[in-house]
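Colleague: Please take a close look at one part of this model, the "binding site". Which residues does UniProt list for it, and where do they sit? Keep it to one connected answer.

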Amino acid sequence: NYDPSLLEQWDKQYVWHPFTQMQQYLREKPLIIERGEGSYLIDVEGNRYLDGVSSLWVTVHGHCHPELNRAIKEQLDSIAHSTLLGIANVPSILLAKKLVEITPPGLNKVFYSDNGATAVEIALKMAFQYWQQKDGGRYRRKTKFISLVNAYHGDTIGSVSVGGIPLFHNIFKPLLFECLHAPAPYCYRCPLSLERESCKMACLNQLERLMEEHCEEVAALIIEPLVQGAAGMITAPDGFLRRVRELCSKYNILLIADEVAVGFGRTGRLFACEHEDVTPDLMCLAKGITGGYLPLAATLVTDEIYRTFLGEPEECKTFYHGHTYTGNPLACAAALANIELFEKTDLLASLQSKIELLRRGLNKFWDLPHVGDIRQRGMMVGIELVVDKETKEPYDIKEQIGHRVILEARKRGLIIRPLDNIIVLMPVLSISKEELNRVLEIVYESIEAVTGK
Ligand code: PLP
């Protein structure tokens with residue numbers, strides 16, 4: 001019950017917002033959210049906004065869902081937290097069993113953490129330790145990783161090391177470990193200057209050459225399956241992920257699937273790897289795991305990897321990693337309720353017609369003179385704005401074209417986020433068709449208002 005103008009003042013005075021140009025933020029009126037209801041966010045002045053990015057790609061069954069709220073409250077009445085260091089707790093056991101049941105077959109062990117970046121950090125460290133094997137009295141190691149250009153895997157030093165977005169990652173270069181980058185299938189701006197229809201995924205030949213040359217030293221390849229999210233919803237062609245799996249097996253390199261953004265229904269299947277029948281060696285989950293209710297992440301691995309940590313007595317390894325809130329019971333209870341709701345509401349089945357509605361609705365956007373590319377995979381969309389459709393000339397970053405579009409959308413009652421010149425849509429998965437149509441209408445009008453008819 002604080003006066004909104006006081007909150008505004010204190011926000012500007014005390015809070016440093018992530019990924020935000022603070023000097024610009026201080027000039028604008030902040031949007032302060034107080035409540036959520038289904039697909040809507042409601043601010044301190046009572047204004048309602050459709051949540052067009054699922055509160056940073058996490059919300060699944062909607063905000064303030066009674067069953068999710070109930071599950072958390074019930075757990076709270078038992079215990080809020082107890083550690084997993086050498087002891088166990090009930091929700092983390094039940095959730096681990098459930099995760100093993102619903103993820104691709106072969107992933108049989110669950111290691112918990114609190115956010116996507118740490119799920120990745122853990123996978124990298126596990127992959128590194130996996131290869132640390134005694135060989136005739138000497139340790140044999142593989143110390144390098146492969147990721148794709150444009151990759152985003154989080155903001156800790158390890159996850160930044162395997163990141164590939166120059167704007168976010170280059171500044172930290174002096175702090176990072178070595179990672180080899182293979183070309184990403186950014187077909188709209190093909191790094192090999194080929195055409196999507198005829199290229200036969202030639203970028204994978206470059207990946208294979210990299211693997212061939214470095215297979216003795218590369219521990220793992222990490223990839224965002226099907227969609228590179230933070231790079232602007234770069235969607236891989238069908239078959240790309242399966243081929244990456246084959247190449248990893250051929251060159252004895254572990255495959256880490258970072259399903260932090262694409263997991264839990266985003267692509268239309270529960271996990272993106274399912275589309276291509278791929279089982280990675282390690283899989284990172286976060287974001288949608290609790291449906292957007294509490295911070296939680298998990299790194300799943302195969303028995304093959306887990307077994308190397310058991311070994312013979314003199315060879316067995318401790319995985320020296322853990323966080324205070326690892327396996328937090330409240331978060332695990334929320335995740336269990338979230339997964340149960342998928343089953344109860346048959347969300348994945350009802351999602352298919354919404355994905356189709358989105359596809360049809362987006363077709364109209366090609367008429368806009370500055371829409372260069374539209375990329376959709378399930379309920380993930382990137383609309384790339386360009387100065388000129390013919391030449392694909394991008395807008396100068398200083399024009400802040402994406403930011404201007406999202407401010408227009410906000411005026412019309414929709415919260416979305418730009419990634420530079422790319423407008424990103426990640427609607428709440430439980431959104432109604434009417435709400436989804438409204439999202440499309442607002443985005444169209446907002447792009448038109450900024451870039452012209
Ligand atoms: N991996 C991917 C693919 C992501 O999209 C993100 C976040 O956007 C992360 C990892 C990092 O997750 P978190 O922000 O929870 O650390």
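Modeller: Helices and strands here are DSSP runs, numbered from the N terminus; a helix needs at least four residues and a strand at least two. The model itself is predicted.

Start with the record. An unreviewed UniProt entry lists Tyr-152, Lys-287, Gly-322 and Arg-417 under "binding site". These positions span 266 residues in sequence, and the farthest two C-alpha atoms are 32.4 Å apart, so they do not all gather at one spot. Two of them deserve a closer look.

Take Tyr-152. Its place is in a loop, after β7 (144–148) and before α7 (157–161). Is Tyr-152 buried or exposed? A residue counts as buried once 20 or more other C-beta atoms lie within 10 Å of its own. Tyr-152 has 28 such neighbours, so it is buried. Look past the residues within four places in sequence. Tyr-152 then contacts Gly-163 and Ile-165. It also contacts Gln-228, Gly-229, Ala-230 and Ala-231.

Now Arg-417. This residue is in strand β19, which covers residues 417–419. Its C-beta count inside 10 Å is 18, so Arg-417 is classed as partly exposed. Set aside residues up to four places away in sequence, and Arg-417 touches Val-53, Ile-406 and Val-424.

The domain assignment puts these two in context. Domain 1 is made of 31–64 plus 347–451, and domain 2 runs over 69–345. Tyr-152 thus falls in the range of domain 2, and Arg-417 in that of domain 1. The domain centres, taken over C-alpha atoms, are 27 Å apart. Each domain puts 27 residues into the contact between them. On the domain 1 side, α3 (54–57), α13 (347–363), β15 (371–377), β16 (380–388) and β20 (422–425) each supply at least two residues. Helix α13 gives the most, with five. By class, that side of domain 1 holds 15 nonpolar, seven polar and five charged residues.

Last, the ligand. It is surrounded by 14 residues. The closest are Asn-115, Gly-116, Ala-117, Gly-154 and Val-260. Helix α6 (residues 116–130) gives the most to this shell, with three residues. The shell's classes are seven nonpolar, five polar and two charged.

In short, Tyr-152 is a buried loop residue. Arg-417 is a partly exposed strand residue.

Technical notes
Residues are numbered from 1 along each chain as its sequence is written. This is a predicted model: local features need pLDDT of at least 70, side-chain atom pairs count only at pLDDT 80 or more; totals for chains, interfaces and linings use all residues. UniProt positions are given in the numbering used here, feature names are shortened, and annotations may be inferred rather than shown by experiment. A residue is buried if 20 or more other C-beta atoms lie within 10 Å of its own, exposed if 12 or fewer, and partly exposed in between; C-beta atoms are placed from the backbone. Two residues are in contact if their C-beta atoms, placed from the backbone, lie within 7 Å. Domain bounds come from an automatic or database domain assignment. Ala, Val, Leu, Ile, Met, Phe, Trp, Tyr, Cys and Pro count as nonpolar, Asp, Glu, Lys and Arg as charged, and the others, Gly among them, as polar. A residue is near a molecule or strand if its C-beta atom, placed from the backbone, lies within 6 Å of it.
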